[in-house]
Amino acid sequence: MNTHVVIGFGPAGAATARLLVEQGHAVKVVTTSGRSPEPGIEHVALDAKDSGRLTETVRGAAALYGCAAPPYHRWAGEWPALASSLCTAAEATGAVLVMLGNLYGYGPVDGPLTEDLPLAATGTKGRVRAAVWEQARDLHAQGRIRAVEVRASDFFGPGVTDGGHLAARVLPPLLRGKPVSTLGDPDAPHSWTYLPDVARALTEVAGDERAWGRAWHVPTEPALSVREMVGRLAAQAGTGPVAVRGVPPLALAVGGLFSPLLRELKEIRYQFDRPFTVDSTAYETAFATRATPLDQQVKATVDWWRERLATTG
C-alpha cells in the first residue's frame, strides 16, 4: 500500500481520492479548510501554496496529484504560486507530480486537439495554464522532478455541479422537462470528458513511468453538440424532448458586468462557438483506460442528479 496526496476536493480531486482508496492506497487530501473524516481518506487543512508545509505533508508519498485550481477570476494571480509549491514539494520528496490540466493552453485550433499541438494560447487563462505545465515539464527534463499532465475537456458526470456546462445549468431544468440554456452554438460538436475517466487516467499515469515527462488527453468519447447531449439525457430521464437555447452574446456581456465568472468566460467562448474536439488516441494506444461508453455515462449522470435533487430539493 502506497500513500498518495491529492490537492483539492472538487469533483476531480474527490473522484481521484476515492478511486485511490478503492485501489487499496492510503490517501491524504489537502484543502484550505479541511473536511470531515471519510473512510480511507485523511483530510488535511493546509494552503497548498505554502511549499514548506505541503512538502512535509507529501513526504513519503508515491504521488502528488494537482487537482485544485484558484477561483476562475484569480488564476493569473494565484496559479504561479500554487504550481511552484507543487513542484517544490515534488522535488523535495521524490513524489511523482500528476497534474490535472485542461485544453485552454492550445488556444483556438482548427481540427481535433492532439497533445503535439503547440501551447499557443494568447488569452490570460490559456497562458497561465500553459505556463503551469511548462514549469513542471522543464523541471522534469532537468531531472529534478518526475511529472506528467493529464488534460481533460469539459467535465461531465456524477459529482460535476456548478462548474460544468452539462451540470447544474442543464440537469435540474431538464429533469423537470424545462428548456435549458447553453453558452455558444448549441449545435457545435464538443468533447465532454467523463469525470470517472479523469480519475482513472490520473491514477494510471501516476504508476507508469512511460507516461512521465509529457501531457496526455483523457480518453474521451466522440464529440457531440450540447443539443445532442441534452437529447440523450432527456431520453434517459424520460422527460421527452427539451428545448436548447444558446445564450446571446449580449446577455453574456451584460451578465459579466455583475458576475466575475461570466466575465471570464469571454476568453474561452471560442470553445463553444465552433467545433471543439479532443483526440485521445495517444493515451488509448499506450495505456489501458478507455472512455466509459456514452450510454453508461448518461445513465449514471441522470441517476446521480435525480438522487441529488431528491435529497436537496
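These legends go with a set of close-up views of a predicted model.

**View 1. Two cysteines that stay unpaired: Cys67 and Cys87.**
If you came looking for disulfides, this model holds zero of them. The reason is distance: the sulfur of Cys67 has its closest cysteine sulfur in Cys87, 15 Å away, and that is too far for a bond. A disulfide would need the two sulfur atoms within 2.5 Å. Looking from the other end gives the matching result, since the sulfur of Cys87 finds its closest cysteine sulfur in Cys67, again at 15 Å. Both side chains are tucked away: Cys67 is buried, at 13% relative accessible area, and Cys87 is buried as well, at 3%.

**View 2. Phe156 meets Tyr194 across two strands.**
There are ten aromatic pairs in the structure, and the one shown here is made by Phe156 and Tyr194. Their ring centres are 6.3 Å apart and the planes make an angle of 50°, so the pair goes down as tilted. Phe156 belongs to strand β7 (residues 154–156) and Tyr194 to strand β9 (residues 192–194), so this contact ties together parts that sit 38 residues apart in sequence. Neither ring is out in the open: Phe156 is buried at 0% relative accessibility, and Tyr194 is buried at 6%.

**View 3. An aromatic cluster, with a lysine over one of its rings.**
Four residues, Tyr72, Trp75, Trp79 and Tyr104, make up one aromatic cluster. Tyr72 has another partner too: the charged end of Lys125 sits over the Tyr72 ring, 5.5 Å from the ring centre.

**View 4. Arg214 over Trp216.**
Here's another charge sitting over a ring, this time with an arginine. The charged end of Arg214 is 3.6 Å from the centre of the Trp216 ring.

**View 5. Helix α6, mostly wrapped up by its surroundings.**
Helix α6 runs over residues 195–206, twelve residues in total. Allowing 1.5 Å a residue, α6 should span 16 Å, and its end C-alpha atoms turn out to be 17 Å apart, so the two values agree. Nine of the twelve residues are buried, which means the rest of the structure largely encloses α6. If you want to pick out the buried ones, start with Leu195, Asp197, Val198, Ala199 and Ala201. Carry on along α6 and you also reach Leu202, Thr203, Val205 and Ala206, likewise buried.

Technical notes:
Residues are numbered from 1 along each chain as its sequence is written. This is a predicted model: local features need pLDDT of at least 70, side-chain atom pairs count only at pLDDT 80 or more; totals for chains, interfaces and linings use all residues. Side-chain values use heavy atoms; hydrogens and water are left out. Buried means under 20% relative accessible area, exposed over 50%, partly exposed in between (1.4 Å probe, protein chains only). Rings of Phe, Tyr and Trp (its six-membered ring) pair if their centres lie within 6.5 Å; planes under 30 degrees apart count as stacked, over 60 as edge-to-face and the rest as tilted. Helices (H or I, at least four residues) and strands (E, at least two) are DSSP runs, numbered from the N terminus. A charge sits over a ring if NZ of Lys or CZ of Arg is within 6 Å of the ring centre and within 35 degrees of the ring normal. The expected span of a helix is 1.5 Å times one less than its number of residues.
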